[in-house]
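This report covers one protein chain, from selected backbone details to the overall fold. The sequence and structure come first.

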Amino acid sequence: MSSDPSSGATAFDYVIVGAGSAGCVLASRLTEDPDVTVAIIEAGGADTAAEIHTPAAFPALFKTNMDWDLYGEEEPGLGGRRLYLPRGRVLGGSSSINAMIYMRGNRVDYDEWAALGHEGWGYDDVLPYFRRAEDNDRGEDAYHGVGGPLSVSDSRSKHPLIDACIQATVNAGHEHNPDFNGPRQEGVGAYQLTQRDGMRCSTAVGYLNPARARRNLTIITDALTTKIVFEADRAVGVEIAQYGRCKTIRAEREVIISAGAYQSPVLLMLSGIGPAADLEALMIDVREDLPVGENLQDHLMAQANWTTDVVSLLDAVTPENIALLQQEQRGPLTSNIAEAGAFFRTRPGLPAPDVQFHYAAAIFWDEGLQPPPEHGWSFGPLVAKPSSRGRVFLRAGLPDAKPRVLHNYLTTQDDRQSMIAGVRILMEIARQEPLKSMTTGEWRVPASDSDEDIMAFVRLAGQTVYHPTSTCSMGAVVDDELRVLGTQGLRVVDASVMPSITRGNTNAPTIMIAEKAADLIRGRKPSKPAGASSAALV
């Protein structure tokens with residue numbers, strides 16, 4: 001089948017908008033049926049850049065043509081700062097430019113979804129999909145799978161500064177956790193990563209590339225989807241702009257929007273599905289009055305930095321390390337930078353951890369947009385289950401206008417309380433050996449232990465950790481099978497459908513959602529593994 005639909009309208013059974021973390025999964029799974037035709041449409045291009053596949057190089061992808069390069073609104077909880085919001089605009093989407101951390105979230109997250117009435121989304125329901133996706137180099141057990149498209153592995157970098165961070169955390173009285181995705185989430189340890197032989201395993205690498213040879217799959221790149229096409233209340237295709245021409249791609253069965261928590265609501269709103277008052281103000285005809293773009297949630301991180309005389313990742317690019325990567329698939333260039341982390345409860349009575357840490361063997365500052373100025377290390381908390389809510393809304397009624405994004409970070413007392421307590425934990429850990437002996441100075445840390453100085457530091461250092469969710473959430477915009485309310489033949493499948501954000505990095509949950517959505521579309525159910533503990537991930 002041609003990959004260039006330039007000759008007018010072209011029809012497929014399914015049209016997927018967005019070849020990112022979810023879209024690539026759907027394209028692979030749906031085309032397993034040779035009688036089904038699928039087109040997947042990506043606004044960006046091919047994932048051929050060496051910086052995509054070399055793990056330590058991912059910050060070089062920021063603000064390139066592989067990045068949507070969004071800029072948030074003034075954040076009231078951060079003193080009016082506007083934050084840089086990177087998202088992948090390339091095959092693989094944000095799984096091609098992220099830090100590759102494989103984190104599922106907490107059992108409590110999914111059981112909360114089920115308690116809200118979202119049938120089929122409890123932890124025991126979604127665990128089979130995590131396992132089906134996974135090819136874990138530690139092997140198979142009740143929590144983990146092997147043989148799936150997504151390679152999950154331990155880091156091949158193992159930087160000594162990271163070992164020191166883990167040991168200092170243990171010395172501060174916290175438990176070691178060898179598997180955040182196993183029986184228990186709380187504690188400190190090394191992250192597992194979406195890597196294969198030391199290189200990035202995005203969903204383009206793991207899912208899309210093996211499916212390329214299928215005659216029933218068409219991959220359309222460099223094409224901006226501008227509108228969903230309807231006949232009555234049924235979605236029958238999309239309009240795209242590609243190489244200066246407008247085209248229509250028809251869907252005989254379904255249109256599936258997998259453009260992410262920022263761009264999926266944009267496309268729905270441009271197509272008349274969203275808050276009526278907002279659409280009418282932009283002279284967009286209202287098809288369905290739904291709270292599209294509302295309920296935005298994200299993880300805000302505040303990294304503190306120290307200097308050291310230990311060689312950090314600042315000098316990762318050397319002939320020796322390049323040879324290690326090329327010949328042995330290990331060494332500093334395989335580092336995802338944030339090689340380890342931790343989950344803590346900052347106060348009694350919480351059902352699960354409320355802060356997460358990322359430990360990096362380098363100074364990390366200016367939202368990752370500048371290289372480390374000298375050797376150092378960094379870590380800091382993020383609020384793992386924020387109660388603050390934001391929104392995505394249109395800047396204009398033009399398809400290429402970047403959306404307005406307001407997260408409202410730290411605008412609730414609970415979120416500020418968790419962040420302040422998390423910063424106090426990090427300062428206590430930094431005083432422990434072996435970190436204390438490896439530290440030569442403070443580079444960016446709070447001025448004191450007071451609430452005021454901690455919040456001043458957070459307002460200066462706070463940044464997104466790239467986990468936007470919930471802008472087309474189940475129960476409000478889509479039903480439990482991810483079908484857009486009030487329409488036919490239209491689903492949303494990506495992180496935007498989460499009723500609430502998961503505790504931890506959101507790439508693995510997004511892949512899980514797509515795996516489950518593929519079964520919902522095909523009318524299939526996976527078998528549940530035996531032996532998974534009901535106490536898992538608490």
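## Backbone outliers in loops

Q329 has a relative accessible area of 27%, which makes it partly exposed, as it falls between the 20% limit for buried and the 50% limit for exposed. The model is a predicted one. Q329 sits in the loop that connects helix 9 (319-328) with strand 20 (338-344). Its phi is positive, about 55°, although Q329 is not a glycine. Most residues other than glycine have a negative phi, and most peptide bonds are trans.

M283 is another non-glycine residue with a positive phi, in this case near 60°. M283 belongs to the loop between helix 8 (276-281) and strand 16 (288-289). Its relative accessibility is 76%, so M283 counts as exposed, the cut-off being over 50%. A cis peptide bond links E433 to P434, with omega near 5°. P434 is placed in the loop between helix 10 (413-430) and helix 11 (435-438).

## Helix 5

Helix 5 covers residues 160-171, twelve residues in total. At 1.5 Å a residue the helix should span 16 Å, and the end C-alpha atoms are 16 Å apart, so the expected and modelled values agree. The expected span is based on one less than the number of residues, which is why twelve residues give 16 Å.

Several positions of helix 5 are buried: L161, I162, A164, C165, I166, A168 and T169. After the helix comes G173, with a positive phi near 105°.

## A three-stranded sheet and helix 4

Strands 5, 6 and 8 form an open sheet in the order 5-6-8, and the pairing is mixed. The edges are strand 5 (134-136) and strand 8 (192-193), each of which pairs on one side only. Strand 5 and strand 6 (residues 150-154) run parallel and are joined by three bridges. Within this part of the sheet, E134 is opposite L150 of strand 6.

Helix 4 (residues 123-133) lies across strand 5 and strand 6. The angle between helix 4 and strand 5 is about 60°.

## Surroundings of D13

D13 is part of strand 1 (residues 10-17). With 13% relative accessibility, D13 counts as buried because the limit is under 20%.

Apart from neighbours within four places in sequence, the contacts of D13 are with D35, V36, T37, A251, E252, R253 and E254. The list thus includes the acidic residues D35, E252 and E254 as well as R253.

## Overall fold

The protein contains 13 helices and 27 strands. Its radius of gyration is 22 Å, close to the 24 Å that the globule rule gives for 538 residues, so the protein is as compact as a globular protein of that length. The C-alpha trace spans about 65 × 50 × 45 Å along the principal axes.

Of the 538 residues, 62% are buried. Among contacts with a separation of 6 or more, 71% are between residues 24 or more positions apart. The exposed area of the protein is about 19100 Å², and carbon and sulfur atoms supply 49% of that area.

Methods. Residues are numbered from 1 along each chain as its sequence is written. This is a predicted model: local features need pLDDT of at least 70, side-chain atom pairs count only at pLDDT 80 or more; totals for chains, interfaces and linings use all residues. Side-chain values use heavy atoms; hydrogens and water are left out. Two strands pair if DSSP finds at least two bridges between them. Helices (H or I, at least four residues) and strands (E, at least two) are DSSP runs, numbered from the N terminus. Contact means heavy atoms within 4.5 Å. Axes are lines fitted to C-alpha atoms, for helices over the stretch in contact, and angles run from 0 to 180 degrees between N-to-C directions. The radius of gyration is taken over C-alpha atoms; the globule rule is 2.2 Å times the number of residues to the power 0.38. Buried means under 20% relative accessible area, exposed over 50%, partly exposed in between (1.4 Å probe, protein chains only). Accessible areas come from the Shrake-Rupley method with a 1.4 Å probe; for residues, only the protein chains shown count as cover.
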